[in-house]
Amino acid sequence: MTQTVRKTTHPQMSELWRLHQSGDFLDGYAVTSSASVAEAAETAFTMPGWANALMRLRNALVKPLGLKTGEDTQASDAIFPIHLDTETERVMGTDDNHLNFRISVLKTDGNIHIATWVHANNIWGRIYLAVVMPFHILLSRNSLARVARVHPPLDEAPVAR
């Protein structure tokens with residue numbers, strides 16, 4: 001059975017809600033899955049070729065503007081440094097000139113939730129968010145569908161013969 005990615009309100013237990021202010025962007029999607037937070041994050045962020053091509057294009061376009069483009073989670077220009085890593089939630093993201101963002105991968109009640117919080121620091125952050133939004137939605141839903149496919153709920157896991 002194919003899992004449907006559901007648009008949801010991100011659970012209130014998430015660290016993202018501690019960052020959220022009026023006017024900020026915060027979305028949420030969920031699937032039922034047997035994955036741990038670490039497994040879900042690894043699967044979700046192992047992007048298909050088309051998504052990697054989009055990130056390379058994004059990085060080439062924004063690097064002259066001084067925005068962060070690093071992929072190493074420990075580098076000073078990292079896009080996805082890990083801020084929180086527990087058994088129930090991993091939060092990664094960065095603060096940049098135009099906007100601050102965090103992505104949460106959270107496990108609760110047999111579901112994996114992925115949400116993105118964005119705080120625009122200026123007009124350029126709001127413009128950037130508007131431009132990337134269609135791609136953001138596509139990537140978020142695609143990532144969670146991959147998690148559900150690779151880590152189905154235990155009652156749907158293939159039976160070994």
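W124 is located in helix α4, which spans residues 123-150. The model described here is a predicted one.

**A nonpolar patch on the surface**

The side chain of W124 does not stand alone. Together with I123, I127 and V131, W124 forms a nonpolar patch on the surface, and the four residues share about 430 Å² of accessible area. W124 has a relative accessible area of 59%, and it counts as exposed because this value is over the cut-off of 50%.

**Overall architecture**

The chain contains four helices and seven strands. Followed along the sequence, these elements appear in the order β-α-β-β-α-α-β-β-β-β-α. Of the 161 residues in the chain, 42% are buried.

**A pair of strands**

Strand β4 covers residues 82-85 and strand β5 covers residues 89-95; the two pair in the antiparallel sense over three bridges. One of the residues involved is I82, whose bridge partner in β5 is M92. Which kind of connection joins β4 to β5? The link is a hairpin, and it runs through three residues.

**Salt bridges**

How many salt bridges does the structure hold? The count comes to three. They are set out below, with the distance between nitrogen and oxygen and the relative accessibility of each partner.

| Basic residue | Acidic residue | N to O distance |
|---|---|---|
| R18, 68% (exposed) | E15, 29% (partly exposed) | 2.8 Å |
| R90, 15% (buried) | D85, 46% (partly exposed) | 3.0 Å |
| R102, 9% (buried) | D95, 39% (partly exposed) | 3.0 Å |

The surroundings of the arginines can be read from these values. R18 is exposed, because its relative accessibility of 68% is over 50%. R90, in contrast, has a relative accessibility of 15% and is buried, because this value is under 20%. R102 is also buried, with 9%. On the acidic side, E15 is partly exposed at 29%, D85 is partly exposed at 46%, and D95 is partly exposed at 39%.

The salt bridges can also be related to the strands described above. D85 belongs to the residue range of β4, while R90 belongs to that of β5, and the side chains of these two residues meet in a salt bridge. D95, the partner of R102, falls within the range of β5 as well.

**Aromatic rings**

The structure holds zero aromatic pairs. A ring does, however, take part in another kind of contact: K7 lies over the face of Y29, at 5.1 Å from the ring centre.

Key
Residues numbered from 1 in each chain as written. Predicted model: local features only at pLDDT ≥ 70, side-chain atom pairs only at ≥ 80, totals over all residues. Heavy atoms only, no water. Patch = residues over 30% accessible without salt bridge, like charges linked within 9 Å, V, L, I, M, F, W, Y side chains within 5 Å. Areas by Shrake-Rupley, 256 points an atom, 1.4 Å probe, with all protein chains shown as cover. Buried < 20%, exposed > 50% of the residue type's maximum accessible area, 1.4 Å probe, protein only. Phe/Tyr/Trp six-rings, centres within 6.5 Å; stacked < 30°, edge-to-face > 60°. Lys NZ or Arg CZ within 6 Å of the ring centre and 35° of its normal. Pairing = 2+ DSSP bridges.
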